[in-house]
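Please open the model in your viewer and keep the sequence beside it, so that each stop on this tour can be selected in turn.

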Amino acid sequence: MTHFRIAEAARLLGVSDDTVRRWTDGGALPVEADTSGRKVIAGADLAAFARAQAHATPDPSGVGRSARNRFVGLVTDIQSDKVMSQVEIQCGPHRVVSLMSTEAVHELSLEVGSLAVAVVKATHIIVETPGGTA
């Protein structure tokens, strides 16, 4: 089973080492000792904790859709030419970039600071692992 040291878990969760230590000391995140006596967190425990801590921003549209990958955020940049536009949305820690027609940008009244929902419906998702293990 994969194990993560406190600093690694902190980087993955986007918090400080001290925050992870508080969670482990308080019992919110299970910790164990590795063969060298260092504190480590089991990968499965860290994954469950990360999922429980994740809070998606509520979708303001109120529209039901089959797509599950929906990211609510703020438009942070728009680069347009006569035909096409690149729209960047900051959705929590995730930066989502969409290419669309400039006409669509105008029809949606998109501008920097607008609230937007990025709906991702992909047919292919590539998963990589560190270390190049195939």
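Is Gly 37 buried or exposed? This is a predicted model, and in it Gly 37 counts as exposed, because its relative accessibility is 53% and the cut-off for that word is over 50%. Once Gly 37 is selected, look at the backbone on either side, where you will find the loop between β2 (32–33) and β3 (39–42).

Now add Glu 88 to the selection and draw a line between the two C-alpha atoms: Gly 37 and Glu 88 are 51 residues apart along the chain, and their C-alpha atoms are separated by 45 Å. For the wider view, colour the two parts named by the domain assignment, which gives domain 1 as 3–53 and domain 2 as 69–123. The centres of domain 1 and domain 2, taken over C-alpha atoms, are separated by 34 Å.

Next, select Thr 24, which belongs to helix α2 (residues 17–25). Thr 24 counts as buried, because its relative accessibility is 9%, and the cut-off for buried is under 20%. If you set aside the neighbours within four places in sequence, the residues in contact with Thr 24 are Ile 6, Leu 29, Val 31 and Ile 41, so show their side chains as sticks to see what surrounds this threonine.

Move on to Ser 85, a residue of strand β5 (residues 84–91). Ser 85 is also described as buried, because its relative accessible area is 2%. Show the side chain of Thr 102 as well, and you can trace a polar contact of 2.9 Å between the side chains of Ser 85 and Thr 102. Beyond the neighbours within four places in sequence, Ser 85 has several contacts, among them Gln 79, Ser 80, Leu 99 and Val 105.

Leu 99 makes a useful next selection, since this contact of Ser 85 lies in strand β6 (residues 94–101). Leu 99 is exposed, because its relative accessible area is 64%. Switch on the surface and select Val 83 and Met 84 together with Leu 99, and you will see a nonpolar patch, whose three members have about 310 Å² of accessible area together.

For the last stop, select Ser 109 in the loop between α4 (102–107) and β7 (115–120). Ser 109 counts as exposed, because its relative accessibility is 54%. Look also at the backbone here, for Ser 109 has a positive phi of about 55° although it is not a glycine.

Conventions. Residues are numbered from 1 along each chain as its sequence is written. This is a predicted model: local features need pLDDT of at least 70, side-chain atom pairs count only at pLDDT 80 or more; totals for chains, interfaces and linings use all residues. Side-chain values use heavy atoms; hydrogens and water are left out. Helices (H or I, at least four residues) and strands (E, at least two) are DSSP runs, numbered from the N terminus. Buried means under 20% relative accessible area, exposed over 50%, partly exposed in between (1.4 Å probe, protein chains only). A polar contact is a pair of N or O atoms within 3.5 Å; within protein, one must be able to donate a hydrogen and the other to accept it, and residues adjacent in sequence count only if both atoms are side-chain atoms. Contact means heavy atoms within 4.5 Å. Patches are made of residues with over 30% relative accessible area and no salt bridge: like charges are joined within 9 Å, nonpolar side chains (Val, Leu, Ile, Met, Phe, Trp, Tyr) within 5 Å. Accessible areas come from the Shrake-Rupley method with a 1.4 Å probe; for residues, only the protein chains shown count as cover. A salt bridge is a side-chain nitrogen of Lys or Arg within 4 Å of a carboxyl oxygen of Asp or Glu. Domain bounds come from an automatic or database domain assignment.
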